[in-house]
Amino acid sequence: MAPTASIRLGDKDYPLPVMVGTEGEKAVDVRKLRAETGYICYDQGYGNTGSCESAITYLDGDNGILRHRGIPIEQLAHKSDFVETAYLIIYGELPNAEKRKAFGMLLRQHAAIETQMQRIFEGYPTKAPPMAMLSSIVASLAAHYPDLATNNFEKDLASFELAAAITISKVRTIAAMIYRYQKGLPYVFPKQDLPFCDNFLHMMFTEPYKDYVAEPEVARALNMLLLLHADHEQNCSTATVRTVGSSAANLFTAVSAGICALSGPLHGGANSAVLQMLQSIYDEGDDGTRFIAAAKQGSKAGRLMGFGHAVYRNFDPRARIVGEACEDLLNKLGIKDPLLAIAKKLEEAALKDDYFLSRKLYPNVDFYSGIIMRALGIPVSMFTVIFAIGRTPGWIANWREVAANPKGRIYRPRQIYVGPVKRDYVLMADRP
Ligand code: ACO
């Protein structure tokens, strides 16, 4: 028999329906609570609130499980690539050969940035934060493709395939152009015959008269890094995309909002913080012992970056994959990065330490991903931008779920007002 729930307010019981997801996740449905009782649920930060039903990603933080459309992240990381996983996340199934080819073709056709859009870059100072540039240039796609961005669900869904491909492909090209603009280098245009990640690396690192051709292991490492970030359930930026999308705002606008949310250091910025932490340990000649001792003092500023996670309380399955891939890549490229040695020592020491064990603090995906990006030649200032390229399919899939839900309503939480009670307008004494 399905369990039931009720809430007791004063001496009255109010029955509440119970929902169960396909993986057994349970929820009490409080949608009618306010109408029936006058009460709302208070859940600052929504840590205990389900804002939607979603068929995209399943995450079990207690058991370190992450699956996209049912497929474990470990299998995708080892058997798939970023573009195929993007297709799976957006469309729900792995593509057959014909669909994979058509999707890849759309991405290639829409990789370039038109001359008119290129001029936007010149309006920014060369020292502009890359994420600020990325979010605003992606927002401008709505102005460049108004027919795909009508702010009408039905019309925008009719051109969704094209809008999705434009977004994935151009976010990557814009990212490479931001890098080159900031370095004062001429733009390198995408090549039609290159796969997605190879093309990105080509646009980033080609020098005058010297085409950059990515080593297979380099392109593979980037592919895996993007794939591991492709979606992550209702995180801060994805919830933002859904919120903005729920107002019927178009895909480009919603993705741009997701990029803004990702730019915060508590979300997308942690990967660069890890590298800065490792570098400062190295510069100070510490082996990590002093840093661990300081991290245990409980100050937010001194935390062991890349450790702990808001939902994973056992291990982050992505961290294991990234850790192995990091070591593998550095070996293959013959790089001896002293920061990797420090990271491994820190991990080893922390995983034996009761402070971290008792608080269930384990390495998260960011702990080793910065070292991989460094080995690929990507500067720290671009780390969060790389995360954004990876997360784009997840944002797109979530926007589509919102747009295609006939019973969807605008996201509009409530609040508990704690400001002044009603008072009269009185002109300040010093005002004429
Ligand atoms: N180093 C040292 N102590 C820590 C750390 C850490 N990295 N993370 C949490 N703690 C401690 C806290 O001080 C607290 O201790 P207390 O119980 O004695 O007060 C306890 O562990 C629980 O901490 P919370 O802040 O409640 O954990 P929460 O789940 O809210 O935070 C977070 C998760 C923000 C990820 C946190 O672990 C953190 O700041 N980690 C470092 C930053 C980081 O790596 N972020 C990337 C996350 S992954 C991603 O976004 C892709």
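In this briefing Ala, Val, Leu, Ile, Met, Phe, Trp, Tyr, Cys and Pro count as nonpolar, Asp, Glu, Lys and Arg as charged, and the others, Gly among them, as polar. By that scheme, the shell around the ligand holds 10 nonpolar, 5 polar and 4 charged residues. The structure is a predicted model. The points below treat the ligand site, the second largest pocket and the largest cavity in turn.

**Ligand site**

- The ligand is surrounded by 19 residues, of which Arg303, Leu304, Gly306, Phe307 and Tyr355 come nearest.
- Tyr355 also takes part in a polar contact: an N or O atom of the Tyr355 side chain lies 2.9 Å from a nitrogen atom of the ligand.
- The side chain of Asn364 places an N or O atom 2.9 Å from an oxygen atom of the ligand.
- His267 contributes through its backbone, where an N or O atom is 3.3 Å from an oxygen atom of the ligand.
- The ligand taken alone exposes 940 Å², and the protein buries 72% of that area.

**Second largest pocket**

- The second largest pocket contains about 330 Å³ of space.
- Its lining comprises 16 residues, and those closest to the pocket centre are Arg220, Ala221, Met224, Ala325 and Asp328.
- At least two lining residues come from each of helix H2 (73-79), helix H11 (216-228) and helix H16 (317-333).
- In character, the lining of the second largest pocket divides into 7 nonpolar, 3 polar and 6 charged residues.
- The second largest pocket lies between domain 2 (72-268 + 388-404) and domain 3 (270-375), because both domains give residues to its lining.

**Largest cavity**

- Across the whole structure, a search finds 1 cavity of 30 Å³ or more.
- The largest cavity holds about 40 Å³ of space.
- Its lining consists of Gly308, His309, Tyr312, Asn314, Phe315, Asp316, Lys360, Tyr362, Pro363 and Asn364.
- The lining of the largest cavity includes 4 nonpolar, 4 polar and 2 charged residues.
- Asn364 belongs to the cavity lining, and its side chain also has an N or O atom 2.9 Å from an oxygen atom of the ligand.

Methods. Residues are numbered from 1 along each chain as its sequence is written. This is a predicted model: local features need pLDDT of at least 70, side-chain atom pairs count only at pLDDT 80 or more; totals for chains, interfaces and linings use all residues. Side-chain values use heavy atoms; hydrogens and water are left out. A residue is near a molecule or strand if one of its heavy atoms lies within 4 Å of it. A polar contact is a pair of N or O atoms within 3.5 Å; within protein, one must be able to donate a hydrogen and the other to accept it, and residues adjacent in sequence count only if both atoms are side-chain atoms. Accessible areas come from the Shrake-Rupley method with a 1.4 Å probe; for residues, only the protein chains shown count as cover. On a 1 Å grid over the protein atoms alone, a cavity is a set of points where a 1.4 Å probe fits but cannot get out, and a pocket is an open set with protein on both sides within 12 Å along at least five of seven lines; lining residues have an atom within 4 Å of a point. Grid points are joined across faces, edges and corners, and a volume is the space filled by probe spheres set on the points. Helices (H or I, at least four residues) and strands (E, at least two) are DSSP runs, numbered from the N terminus. Domain bounds come from an automatic or database domain assignment.
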